[in-house]
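Trainee: I am new to this structure and would like to look closely at a single part of it. Could you take me through one aromatic residue and then through what surrounds it?

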Amino acid sequence: MPFEALYCVWLIITLILNFKLFAYSIDAQFVLITLFYFSGWISSLVKKHKMKQ
């Protein structure tokens, strides 16, 4: 939870002071969430495949 609070403060500060850095932060967040989703999806596919054997 403290990490999320620090990240929110980071976003607010970068939004006010440096919009370009804010945009990069949002892009990085999108990429990380997408990678997390795909890793979970691939993991579930592997588990289903192992259960069929």
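Mentor: Let us begin with Phe38, which is partly exposed in this predicted model, since its relative accessible area of 40% falls between the 20% under which a residue counts as buried and the 50% over which a residue counts as exposed. A search of the whole structure finds 3 aromatic pairs, and in one of them Phe38 meets Trp41 in an edge-to-face arrangement, with 6.3 Å from centre to centre and 65° between the planes. The label edge-to-face applies because the angle of 65° is over the 60 degrees required for it. Both Phe38 and Trp41 belong to helix α2, where they stand 3 residues apart, or about one turn of the helix. Trp41, with a relative accessibility of 46%, is also to be counted as partly exposed, and Tyr37 joins Phe38 and Trp41 to form one aromatic cluster.

Another aromatic residue of this helix is Phe36, whose place is in α2, a helix that covers residues 19-52. Phe36 is exposed, because its relative accessible area of 67% is over the 50% cut-off. If you follow the chain from Phe36 to Val9, the two are 27 residues apart, and their C-alpha atoms are separated by 23 Å.

From here we can step back to the chain as a whole, whose secondary structure comes to 2 helices and 0 strands. The C-alpha trace spans about 55 × 25 × 5 Å along its principal axes, and the radius of gyration is 17 Å, whereas a compact globule of 53 residues would have a value near 10 Å. Buried residues make up 8% of the 53 residues in the chain, and of the roughly stated surface, about 5,000 Å² that the chain exposes, carbon and sulfur atoms supply 78%.

One more feature deserves a careful look, namely the largest pocket, which holds about 150 Å³ of space. Its lining consists of Phe3, Glu4, Tyr7, Gln29, Leu32 and Ile33, and both α1, which runs over residues 2-17, and α2 supply at least two residues each to that lining. Sorted by character, the lining residues divide into 4 nonpolar, 1 polar and 1 charged. Helix α2 therefore enters this account in two ways, since Phe38 and Trp41 both lie in α2, and α2 also contributes at least two residues to the lining of the largest pocket.

Terms used: Residues numbered from 1 in each chain as written. Predicted model: local features only at pLDDT ≥ 70, side-chain atom pairs only at ≥ 80, totals over all residues. Heavy atoms only, no water. Helix = DSSP H or I, 4+ residues; strand = E, 2+ residues; numbered from the N terminus. Buried < 20%, exposed > 50% of the residue type's maximum accessible area, 1.4 Å probe, protein only. Rg over C-alpha atoms; globule rule 2.2 N^0.38 Å. Areas by Shrake-Rupley, 256 points an atom, 1.4 Å probe, with all protein chains shown as cover. 1 Å grid on protein atoms, 1.4 Å probe; cavity = no way out; pocket = protein on both sides within 12 Å on 5 of 7 lines; lining within 4 Å. Points joined across faces, edges and corners; volume = space filled by probe spheres on them. Nonpolar A, V, L, I, M, F, W, Y, C, P; charged D, E, K, R; others polar. Phe/Tyr/Trp six-rings, centres within 6.5 Å; stacked < 30°, edge-to-face > 60°.
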